[in-house]
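Okay, thanks for making time, everyone. Let me put the structure up, and then I'll walk you through how it goes together.

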2 protein chains.
Amino acid sequence: MDRNFRVNLVNSLSGYKSANLIATLGGNGVENLAIFSSVVHLGSDPALLGFIQRPVGDHSHTYKNIVDSGVYTINHVSSEHIQQAHSTSARFDKDVSEFKACGFTPRYALGFKAPFVQEAAVQIGMRFVQEIKIELNDTRLMIGQIEHVFVQDGLVDSDGSLLLENANGICISGLDTYCQAQRIARFPYAKVIPV
Amino acid sequence: MDRNFRVNLVNSLSGYKSANLIATLGGNGVENLAIFSSVVHLGSDPALLGFIQRPVGDHSHTYKNIVDSGVYTINHVSSEHIQQAHSTSARFDKDVSEFKACGFTPRYALGFKAPFVQEAAVQIGMRFVQEIKIELNDTRLMIGQIEHVFVQDGLVDSDGSLLLENANGICISGLDTYCQAQRIARFPYAKVIPV
């Protein structure tokens with residue numbers, strides 16, 4: 001199988017993926033921003049999110065900043081910003097901030113040492129907790145605990161669910177296909193009904 | 001924060017999630033089927049997918065069957081089957097097959113000892129490779145290697161990407177909200193353009 005064909009196919013096989021911008025602050029004072037499609041819910045209590053870090057190299061600024069500073073933010077991508085968000089995946093030099101290069105605005109809050117993305121409808125302040133090396137392919141599961149959550153007005157439903165559609169939330173298919181999602185149904189907690 | 005409110009909120013914070021049915025065969029001959037929203041791409045070569053297994057208990061039939069048999073299948077959920085797929089999350093007894101109880105059809109192929117979901121447009125045969133315990137909350141990252149892929153006609157683009165929309169692919173928000181996704185843009189590999 002041709003390598004590109006294989007990469008595109010395998011990247012599509014997990015189904016739709018979340019689209020998040022992870023932001024960090026480097027020791028050199030440069031704010032880093034990068035799109036990730038692998039953020040995954042790990043648990044609600046403690047509130048943990050994970051993401052998959054690819055093999056670490058010279059350009060892994062996000063990884064290095066997280067390990068060094070102990071904090072990062074996860075910010076939802078909306079349809080208004082998909083092109084800008086995608087462009088953060090280019091290999092910018094270490095001294096270039098993707099915030100500036102790609103047109104996003106850093107915002108600081110609560111004495112938290114990582115920048116939030118002001119344009120994001122959902123902004124999450126994360127405390128780095130643990131990295132778990134996956135020896136099979138040299139990737140890492142990066143685990144963080146949620147410390148702060150900022151949500152745009154009108155997104156939190158009465159039961160705590162987020163109405164992501166109201167913020168034009170999007171998801172990703174494969175490596176580079178951006179999709180708008182529209183709710184079609186919500187079902188109650190599933191129970192076995194004795195007959 | 002009220003417990004339900006918290007669970008709903010935290011489950012929404014990662015953004016849209018994939019919707020997959022994981023199917024296994026038990027040592028007792030009962031075929032098990034359960035919906036998961038945590039399947040994540042780990043790498044293309046070797047082709048690895050992971051998913052998050054909640055704390056293992058008496059009802060963790062999927063987990064036990066995977067560890068015992070070494071194989072499982074991951075099957076995409078489409079909009080036609082969201083109610084049936086959601087109903088697999090109910091706590092059926094060990095001797096009840098969710099295939100039958102929820103209206104799906106098991107299909108065997110290639111001497112592979114786990115059932116595929118015939119109704120799914122994308123069916124993936126997985127070889128269990130490794131489980132990584134996440135001590136923080138007693139969950140596990142379950143890692144498998146892709147061995148077989150069946151894709152409905154008309155879903156594979158010329159470059160290998162899957163056209164999930166053509167199969168009415170869906171994603172999940174929070175615990176129980178099912179969403180249809182529609183592609184809005186595709187961008188080329190991002191490069192830094194020298195100025």
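Before I start pointing at residues, one term: I'll say two strands pair if DSSP finds at least two bridges between them. And keep in mind that this is a predicted model.

So, chain A on its own first. We've got four helices and 12 strands in there. The radius of gyration of chain A comes out at 17 Å, and the globule rule gives 16 Å for 195 residues, so chain A is as compact as a globular protein of that length. If you like boxes, the C-alpha atoms of chain A fill one of roughly 65 × 50 × 30 Å along the principal axes. Of the 195 residues, 49% count as buried. And for the contact-map people: take contacts in chain A between residues at least 6 apart in sequence, and 62% of them join residues at least 24 apart.

Now the two copies. How does chain A lie on chain B? A turn of 180 degrees with a shift of 0.0 Å along the axis does it, and the RMSD is 0.0 Å. The two copies are thus related as by a two-fold rotation axis. The contact surface follows suit, since 100% of the contact residues of chain A recur in chain B. Want to find the axis on screen? Look for Ala181(A): of the residues of chain A, its C-alpha comes closest to the axis, at 2.1 Å.

On to the contact itself. Chain A puts in 76 residues, and chain B puts in 76 residues. Which element gives the most on the side of chain A? That's strand 12, residues 177-186, with 10 residues. By type, that side of chain A divides into 39 nonpolar, 29 polar and eight charged residues.

Let's stay with strand 12, then. Strand 12 of chain A runs antiparallel to strand 12 of chain B, and nine bridges join them. To see the register, pick Thr177(A): opposite it, in strand 12 of chain B, stands Arg186(B). Going back into chain A, strand 12 also pairs with strand 11, residues 170-173, antiparallel and over four bridges. In that pairing, Ile172(A) has Tyr178(A) as its bridge partner.

Put those pieces together and what do you get? An open sheet of six strands, in the order 1(A)-11(A)-12(A)-12(B)-11(B)-1(B), with antiparallel pairing. At the edges sit strand 1 (17-18) of chain A and strand 1 (17-18) of chain B, and each of those pairs on one side only.

Next, some strands of chain B. Strand 6, residues 71-76, is mostly covered, with six of its six residues buried. Both faces are covered: on one side Val71(B), Thr73(B) and Asn75(B), on the other Tyr72(B), Ile74(B) and His76(B). What pairs with strand 6 of chain B? There's strand 2, residues 20-25, antiparallel over four bridges, where Asn20(B) stands opposite His76(B). There's also strand 9, residues 122-134, again antiparallel, with five bridges, and here Val71(B) has Arg127(B) as its bridge partner.

A quick stop at the hairpin in chain B. Strand 4 and strand 5 form it, with two residues between them. Four bridges join those strands, which run antiparallel, and the bridge partner of His41(B) in strand 5 is Leu49(B). Strand 4 of chain B, residues 40-44, is mostly covered too, with four of its five residues buried.

Last bit: the core. In soluble globular proteins, nonpolar side chains tend to be buried together. Here the largest nonpolar core has 108 residues, and Leu21(A), Cys171(A), Leu21(B) and Cys171(B) touch the most other members. Leaving out sequence neighbours within four places, the contacts of Leu21(A) include Leu33(A), Ile35(A), Asn75(A) and Val117(A).

Then take Ile74(A), in strand 6 of chain A. Buried or exposed? Ile74(A) is buried, because it has 28 other C-beta atoms within 10 Å and the cut-off for buried is 20 or more. Setting aside neighbours within four places, Ile74(A) touches Asn20(A), Ile22(A), Val39(A), Leu49(A), Ile124(A) and Met126(A). As for Leu33(A), it's 41 residues from Ile74(A) in sequence and 9.8 Å away in space, C-alpha to C-alpha.

That's my tour. Over to you.

Note on methods: Residues are numbered from 1 along each chain as its sequence is written. Chains are lettered from A and ligands numbered from 1 in the order in which they are written. This is a predicted model: local features need pLDDT of at least 70, side-chain atom pairs count only at pLDDT 80 or more; totals for chains, interfaces and linings use all residues. Two residues are in contact if their C-beta atoms, placed from the backbone, lie within 7 Å. Ala, Val, Leu, Ile, Met, Phe, Trp, Tyr, Cys and Pro count as nonpolar, Asp, Glu, Lys and Arg as charged, and the others, Gly among them, as polar. Copies are superposed by least squares on the C-alpha atoms of residues with pLDDT of at least 70 in both. A residue is buried if 20 or more other C-beta atoms lie within 10 Å of its own, exposed if 12 or fewer, and partly exposed in between; C-beta atoms are placed from the backbone. The radius of gyration is taken over C-alpha atoms; the globule rule is 2.2 Å times the number of residues to the power 0.38. A nonpolar core is a set of buried Ala, Val, Leu, Ile, Met, Phe, Trp, Tyr and Cys residues joined through C-beta atoms within 7 Å.
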